[in-house]
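Visitor: I would like to go through the binding site and ask what supports each term.
Guide: Go ahead; the structure comes up next.

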Amino acid sequence: MKKALYPFLLILLIALLATACASEAATPEAESEEPPAEEAPPEEAGEKVLNFYNWSEYIEPEIFALFEEETGIKVVEDTFGSNEDLLAKLQGGATGYDVIVPSDYMVATMVELGMLAEIDHSKLENFANLDPSFTDPPYDPGLAHCVPYFWGTTGIGFNWNDWEEAPSSWEYLFNPENATEFEGRISLLDDMREVLGAALISLGYSPNSTNEAELQEAKEVVLAIKPYVAAFDSDTYEDNLVTGDVALVLGWSGDVFTAQVEDENIDYVIPEEGAVKWTDNLCITADAAADPQRLEMAYQWIDFLNRPEIAGMNTNFVWYASPNAAAEEFIDPEILGYEAVYPPEEVFTKLQFLENVGEATELYSRIWTEISTE
Ligand code: SPD
């Protein structure tokens, strides 16, 4: 054999050895019970998937794994930042969502539009765990369509490092003189009903006003502080409070409390003039209800979330109040005793739900667009 052939033979030998090792390594995989995903797409493998459309950062992630472990159903979560975004997405033709989480007034709107299934309470073993004060809300009498998931309030988040006294009136947020102190460090929710609702309350009007003159006044209130507003943001304001990028926010109770866990100087106040209270609700889409398998999985998911220990675990993570009375024993006593999460009666009476304002929704949208573009 010519010496010149040695390198080629060596390469051939190495290649043969590598192939042998590779096929040995592949053997156990080939014998494993689970075929690689590319050989068996989820549908063929019978993988059960439930599509959940939820507010951002609004579930203890471990719950997905617990549910899948028990039922074999994989929950795929997608998130939205406002009720209007949720509605637009569904009206835009998204038919794949099984369980969605609209707030009170949006439940009423979606029922009117025929977008939600009726709920058969007998399919929900844990329905009885709900606090009776949540079982007959004005937006969904008798909970015919949805099951409340969390409830909370919309108020003012702040950092004690910036304040000597709590900013306990809407005046603190909407007063431009005050706002100049926090130039660029104010954040408002990216949510037309919440922002205009707070401005309306600050003026002494109903947050559900359909009166154009009142809404124009509310618009001026918001525009007056707009130069000092860093962002209209519903997703990251709690992080920005922690970093100090914002000093004053219009925010949702639990989001601000999760910021407080990071920095104890952060606090939340429900203004003395009153504020918006809300529930977010687990609802089955009409699309899912048309398919018996999707419908069944949706019931399983809603019922699982209403198990006392799961609902308790969820509140301990997101810091929003649970409408599930049986969950109380699983909720951290610190959260239960926190008046800003579970407001006392005298504060509770000053809270109002946002309502479906019907045709005036267009007026709200127009004013919201004017605020955004001015
Ligand atoms: N981070 C999720 C917060 C969800 C709050 N939903 C409030 C809706 C009020 N209309």
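**Ligand contacts and cavity**

Guide: In this predicted model, a nitrogen atom of the ligand lies 2.9 Å from an N or O atom in the side chain of Glu194.

Visitor: What makes the pair of Glu194 and the ligand a polar contact?
Guide: A polar contact needs N or O atoms within 3.5 Å. The pair with Glu194 is at 2.9 Å, so it counts as a polar contact. A backbone N or O atom of Ser56 is 2.8 Å from a ligand nitrogen. For Ser103, a side-chain N or O atom is 3.5 Å from a nitrogen atom of the ligand. Of the 340 Å² of accessible area that the ligand has on its own, the protein covers 99%.

Visitor: Why is the ligand said to lie between domain 1 and domain 2?
Guide: Domain 1 (49–151 + 278–342) and domain 2 (152–277 + 353–373) both contribute residues to the shell around the ligand, so the ligand lies between them. The surrounding residues include Trp55, Asn83, Glu194, Trp252 and Tyr320. By class, the shell has five nonpolar, three polar and four charged residues.

Visitor: Which cavity does the ligand take up?
Guide: The ligand takes the space of the largest cavity, which has a volume of about 200 Å³. Its lining has 21 residues, and Trp55, Trp252, Asp255, Asp280 and Tyr320 lie nearest the centre.

Visitor: How many cavities of 30 Å³ or more does a search of the whole structure find?
Guide: The search finds two.

Key
Residues are numbered from 1 along each chain as its sequence is written. This is a predicted model: local features need pLDDT of at least 70, side-chain atom pairs count only at pLDDT 80 or more; totals for chains, interfaces and linings use all residues. Side-chain values use heavy atoms; hydrogens and water are left out. A residue is near a molecule or strand if one of its heavy atoms lies within 4 Å of it. A polar contact is a pair of N or O atoms within 3.5 Å; within protein, one must be able to donate a hydrogen and the other to accept it, and residues adjacent in sequence count only if both atoms are side-chain atoms. Accessible areas come from the Shrake-Rupley method with a 1.4 Å probe; for residues, only the protein chains shown count as cover. On a 1 Å grid over the protein atoms alone, a cavity is a set of points where a 1.4 Å probe fits but cannot get out, and a pocket is an open set with protein on both sides within 12 Å along at least five of seven lines; lining residues have an atom within 4 Å of a point. A molecule sits in a cavity or pocket if more than half of its atoms lie within 2 Å of its grid points. Ala, Val, Leu, Ile, Met, Phe, Trp, Tyr, Cys and Pro count as nonpolar, Asp, Glu, Lys and Arg as charged, and the others, Gly among them, as polar. Domain bounds come from an automatic or database domain assignment. Grid points are joined across faces, edges and corners, and a volume is the space filled by probe spheres set on the points.
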